[in-house]
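User: I'd like a close look at one part of this model, mainly the charged pairs, and then whatever else you can tie in around them. Keep it relaxed, but give me the cut-offs.

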Amino acid sequence: MGGGGDEAVQPLFVTKQLKGRVAYRCFASTIFVGICLILVYRLKHIPSSEEHEHGRWAWIGLFMAELWFGFYWIITQSVRWNVVYRLPFKNRLLQRYGDKLPAVDVFVCTADPTLEPPTLVVNTVLSAMAYNYPTEKLSVYLSDDGGSELTFYALLEASRFAKRWIPFCKKFKVEPRSPHAYFLSHNDSDQDITFAHEWLAIKKLYEDMKNRIESAAEMGSIPKEERGQHKGFSEWDSKVTKKDHQSIVQILIDGRDTKSLDSDGNRLPTLVYMAREKKPQVHHNFKAGSMNALIRVSSEMSNGDIILNLDCDMYPNDPDAIMEALCFFLDEEKGKRVCYVQYPQYYNNLRKSNIYSASSMVVTKIELAGVDGYGGALYCGTGCFHRRESLRGRKYSEDFKAEWNSKTWKNAEKTVQELEEASKALASCSYEKGTLWGKEMGLIYGCSVEDIITGLTIQCKGWEPVHYNPNKRGFLGVATTTLDQALIQYKRWAEGMFQIFISNYCPFFYGHGKIKLGAQMGYCVYLLWAPNSIPMLYYTIIPPLFLLHGVALFPEVSSPWFLPFAYVFTAKNTYSILEALWCGDSFKAWWNLERSWLIRSSTSYLFAFIDNLRKLLGLSETTFDITEKVVDEGVLNRYQQEIMEFGNASLMVYIISTLALLNLFSFIGGMMRVIIFSKEFKNGFSGIIPHIILCGLTVMLNLPVYHALFIRSDKGRIPSSVMFTSIVLASLACLLPFHYCS
């Protein structure tokens with residue numbers, strides 16, 4: 001295999017543990033004691049039912065909320081007690097394996113040419129084709145669940161442009177290799193004449209390609225002269241629709257063909273278009289069904305041992321990412337157990353303050369790395385390298401020996417037409433009937449977060465995943481730019497993850513004896529987002545109302561029982577801030593994350609919780625919402641100025657506005673009571689101070705909401721109809737009679 005001597009036995013990757021674990025565990029223990037004391041206080045001081053019946057139930061409600069918060073806090077500690085980091089050695093990989101590297105198949109998935117523009121899709125495809133990897137061992141497959149000839153046309157244009165783009169990237173070592181991202185962030189002003197000449201030429205080619213694709217999209221049809229240039233367009237006739245069409249498989253670049261060369265005379269990677277068969281009466285299982293069809297179709301062609309799956313808006317940012325990922329699979333000692341290598345999701349359009357908290361450095365650097373410490377790295381749906389055998393349902397055993405396919409193509413003797421016809425059957429609606437696909441093979445069906453549940457089932461078969469977070473970001477995507485998009489996305493995630501928790505796949509039961517307890521708890525950090533909404537909503541409503549009516553639900557500041565409340569609140573939030581700063585977030589980003597958590601809990605997570613209850617009662621079915629990747633100029637400008645985008649009258653916006661106003665009215669009313677009627681407070685004035693702090697912080701978190709309600713005049717403000725309705729609802733809540741206050 002080359003690289004003999006000591007180098008041949010050196011590992012291809014090492015695992016390092018984060019320092020300071022003992023100190024953190026001691027600190028966490030003090031918070032745990034504080035939580036226990038809070039619960040003891042609640043139990044010992046429950047108001048008597050004769051004197052304060054309503055206050056008694058409110059008190060019990062707070063006890064239940066705090067009991068849940070304590071339980072969830074314990075769950076979150078699992079991802080902080082054993083944080084690990086991975087370090088691969090790609091130079092050793094090259095020395096050891098050389099030309100014996102395995103074949104790699106890249107899957108790119110898209111579903112709607114309107115929400116996911118074809119130019120966005122082909123940029124991801126082109127960046128994948130330009131990886132620093134032997135092109136004869138690299139194949140890129142695009143799954144088009146929209147069955148759109150516009151997407152096919154865009155891919156055909158990309159296949160032509162790739163002949164110039166790939167050699168340009170490798171000759172000048174340009175990065176990133178998504179043309180759009182590259183030309184947006186680079187120019188030719190500081191380069192030599194040769195580079196400047198080629199830069200201008202390749203940029204013109206890209207702009208021409210982009211204009212042709214966008215023109216076709218605007219017209220809604222493909223130019224007649226283009227239709228006659230490729231046989232693939234014959235698949236689309238008047239009967240083809242998005243939800244009703246036959247299997248379409250087209251090999252645009254045949255990697256076996258020695259005549260498929262780029263402009264420098266080098267072989268091009270294989271490029272395949274697939275639109276699986278759709279019928280209105282057949283459930284197609286969303287992205288999971290698309291991925292499973294790709295697994296089967298690719299096995300008929302290149303059959304790469306390693307599969308990289310990407311969302312169409314998540315382009316490869318590091319051209320050497322494949323080599324680094326292979327270090328984990330090909331390591332002689334530990335590699336045979338590795339099922340997948342998950343890269344974290346980063347975004348290229350995030351602003352400094354991250355107003356919608358689309359990405360948290362704490363999640364990527366601490367939490368996901370912490371789950372990895374127990375051998376339970378989550379599969380997050382994109383930016384993930386898979387071992388094909390683990391995706392196809394194989395169980396790991398100690399006698400398993402990986403045999404890497406260093407050859408190219410499974411059916412090398414078949415013609416392009418024969419491969420296309422054979423593959424169409426594998427992408428048909430009827431193929432999976434009576435098989436284990438979606439149950440024991442491929443991605444698991446029946447859940448809107450097919451990635452999480454699939455990763456869990458693979459781990460429970462004995463495999464071990466890896467979470468790899470390199471300094472150089474492996475993949476970059478497009479973050480949501482409006483609040484509505486962000487909340488819909490989190491609603492889908494929270495709904496699917498809680499669905500897993502209340503199903504047979506609950507990690508505590510399904511994973512018992514198969515994965516470590518720390519990994520089971522790590523999964524539940526995210527699976528329990530939805531039920532978090534109930535205690536959060538309770539805490540957002542009840543303490544402010546009791547502040548307004550002058551009834552204390554917390555111990556007086558002078559009481560010893562106030563200390564555990566103050567310590568837990570202060571210690572937990574201080575650590576959270578320091579953790580965020582250490583991971584690279586700013587204080588403002590941390591503050592925005594707190595706001596996002598508050599807003600999501602009362603909207604996305606609440607709706608996810610309710611929808612799961614409806615499913616249990618048989619009143620609804622699993623759906624899959626695609627996040628729109630297109631925004632108008634006004635929205636984009638406000639996003640770049642870090643101004644929150646509301647702009648519609650959705651039910652979620654009504655809830656956000658009403659709760660914000662409820663806290664504002666309660667805070668103002670409570671402060672007026674403190675100033676004017678301080679002697680009327682039950683249980684003493686100092687007991688109301690925690691109410692003031694909590695309500696005041698909630699008001700501060702909601703400042704962008706008040707700004708959108710009363711000050712802004714742009715299209716992203718909260719509509720007047722929502723404002724008036726929210727004022728009425730919040731006022732009615734504040735005016736509700738509290739008999740115990742008399």
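To start with one residue: what relative accessible area does E332 have?

Analyst: E332 has a relative accessible area of 38%, so it counts as partly exposed (buried is under 20%, exposed over 50%, partly exposed in between, with a 1.4 Å probe and protein chains only). A bit of housekeeping first: this is a predicted model, where local features need pLDDT of at least 70, side-chain atom pairs count only at pLDDT 80 or more, and totals for chains, interfaces and linings use all residues. Residues are numbered from 1 along each chain as its sequence is written, and side-chain values use heavy atoms, leaving out hydrogens and water.

Now the pairing. E332 makes a salt bridge with R96, and their closest N and O atoms sit 2.8 Å apart (a salt bridge is a side-chain nitrogen of Lys or Arg within 4 Å of a carboxyl oxygen of Asp or Glu). That pair links distant parts of the chain, 236 residues apart: R96 belongs to helix α3, while E332 is in the loop between α10 and β9 (338-342). Helices here are DSSP runs of H or I with at least four residues, strands are E runs of at least two, and both are numbered from the N terminus. The two partners sit in contrasting surroundings: R96 is buried at 2%, whereas E332 is partly exposed.

Helix α3 (residues 90-97) has another such link. K90 bridges to D320, with closest N and O atoms 3.1 Å apart. D320 lies in the loop between β8 (315-316) and α10 (321-330), 230 residues from K90. K90 itself is partly exposed at 28% relative accessibility.

Staying with long-range pairs, E175 and K472 form a salt bridge of 2.4 Å between the closest N and O atoms. E175 is in the loop between α5 (149-172) and α6 (179-185), and K472 is in the loop between β12 (464-467) and β13 (475-477), so this bridge ties together parts 297 residues apart in sequence. Both are partly exposed, E175 at 28% and K472 at 34%.

These are a sample: the structure holds 38 salt bridges. Some share partners, and in that way K491, E495, D611, R614 and K615 are joined into one network. Within it, E495 sits in helix α15 (residues 483-501) and is buried at 5% relative accessibility. Its side chain makes a polar contact of 2.5 Å with the side chain of K615 (a pair of N or O atoms within 3.5 Å; within protein, one must be able to donate a hydrogen and the other to accept it, and residues adjacent in sequence count only if both atoms are side-chain atoms). Setting aside residues up to four places away in sequence, E495 touches A608, D611, N612 and K615, where contact means heavy atoms within 4.5 Å.

There's a nonpolar side to that part of the sequence too. I502, L613, L616, L617 and L619 make a nonpolar surface patch of about 510 Å². Patch members have over 30% relative accessible area and no salt bridge; like charges are joined within 9 Å, nonpolar side chains (Val, Leu, Ile, Met, Phe, Trp, Tyr) within 5 Å. The areas come from the Shrake-Rupley method with a 1.4 Å probe, and for residues only the protein chains shown count as cover. L616, one of the patch residues, is in helix α21 (residues 604-616) and is exposed at 59%.

Back to E175 for some backbone detail. The peptide bond from E175 to P176 is cis, with omega near -5°, and P176 is in the loop between α5 and α6. Most residues other than glycine have a negative phi, and most peptide bonds are trans. On the phi side, N285 has a positive value of about 60° although it is not a glycine. N285 is in the loop between β6 (270-275) and α9 (286-300) and is buried at 16%. E642 also has a positive phi, near 60°; its place is the loop between α22 (633-640) and α23, and it is partly exposed at 24%.
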